[in-house]
Amino acid sequence: MRKFNVNVNGKTYAVEVEEIGAVEYAAPVVQAAPVSAPAAAPKTAPAPAPAPAPAAAPKAAGAGDPVKTQMPGLVKKLCFSNGASVKKNDTIVILEAMKMDTPIVAPKDGVITYSVNEGANIDTGTILCTIA
């Protein structure tokens, strides 16, 4: 154990720290004298960092009747591809909620257009897809 005095906001605390394993000591840091730029040298601003790529937004729902979720959860699986024909009561999405997989079924026959992606966390009332 090594003992240290630590000063925090004007109060001094005595602490003990256990040393585990070998310790490599770094050379002391020596601060260099400030260097002034020549008077004739123009000052340039640092180059701005490139902007991060925007996150992919969920696809907009297509025309047709929206299918909304009744609970929050994780979109585990989209059972069809966009533009596929579905029949009434086909499982169109598997939603994981509270460690259980819940199938979401098509309310009618039609062509499906998803508005969420697999792996998305969604809230109650989120439009999963439209069926036209």
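Lys99 lies in the loop between β6 and β7, the latter strand spanning residues 100-105, and in this predicted model the backbone of Lys99 takes a positive phi of about 65° although the residue is not a glycine. With 78% relative accessibility, Lys99 counts as exposed, because the cut-off for that class is over 50%. A second residue invites the same kind of description: Asn89 sits in the loop between β5 and β6, where β6 covers residues 91-97. The phi of Asn89 is near 75°, again a positive value in a residue other than glycine, and Asn89 counts as exposed at 53% relative accessibility.

The strands named around these loops belong to two sheets, described here in turn. One is an open sheet of four strands in the order β7-β6-β4-β9, and its pairing is antiparallel. Its edge strands are β7 and β9, the latter made of residues 121-122, and each of these pairs on one side only. Within this sheet, strand β4 (residues 73-78) is joined to β9 by two bridges, the two strands running antiparallel; here Gly73 has Ile122 of β9 as its bridge partner. β4 also pairs with β6 in the antiparallel sense, over four bridges, and Leu78 stands opposite Val93 in β6.

The other open sheet also has four strands, in the order β3-β10-β8-β5, with antiparallel pairing. Its edges are formed by β3 (65-68) and β5 (85-86), each of which pairs on one side only. β5 meets strand β8 (residues 110-114) in the antiparallel sense over two bridges, and Ser85 stands opposite Val111 in β8. In general, strands of a sheet pair through backbone hydrogen bonds, and they may do so either parallel or antiparallel.

Strand β10, comprising residues 127-131, contains Thr130. Is Thr130 buried or exposed? Thr130 is buried, because its relative accessible area is 3% and the cut-off for burial is under 20%. In sequence, Thr130 and Tyr114 are 16 residues apart, while in space their C-alpha atoms are separated by 6.5 Å.

A further feature of the model is a nonpolar surface patch of about 400 Å², to which Phe4, Val6, Val8, Tyr13 and Val17 contribute. Two strands, β1 (2-8) and β2 (11-17), each supply at least two residues of this patch. Which strand gives the most to the nonpolar patch? That strand is β1, with three residues. Phe4, one of the patch residues, is found in strand β1, and at 37% relative accessibility Phe4 counts as partly exposed.

The table below gathers the residues for which an accessibility is stated, together with the location of each.

| Residue | Location | Relative accessibility | Class |
|---|---|---|---|
| Phe4 | strand β1 | 37% | partly exposed |
| Asn89 | loop between β5 and β6 | 53% | exposed |
| Lys99 | loop between β6 and β7 | 78% | exposed |
| Thr130 | strand β10 | 3% | buried |

Read together with the backbone values, the table pairs exposure with a positive phi for two loop residues: Asn89, with phi near 75°, counts as exposed, and Lys99, with phi of about 65°, likewise counts as exposed. Thr130, by contrast, is buried and is placed in strand β10, which is part of the sheet ordered β3-β10-β8-β5.

Definitions and conventions. Residues numbered from 1 in each chain as written. Predicted model: local features only at pLDDT ≥ 70, side-chain atom pairs only at ≥ 80, totals over all residues. Heavy atoms only, no water. Patch = residues over 30% accessible without salt bridge, like charges linked within 9 Å, V, L, I, M, F, W, Y side chains within 5 Å. Areas by Shrake-Rupley, 256 points an atom, 1.4 Å probe, with all protein chains shown as cover. Salt bridge = Lys/Arg side-chain N within 4 Å of Asp/Glu carboxyl O. Buried < 20%, exposed > 50% of the residue type's maximum accessible area, 1.4 Å probe, protein only. Pairing = 2+ DSSP bridges.
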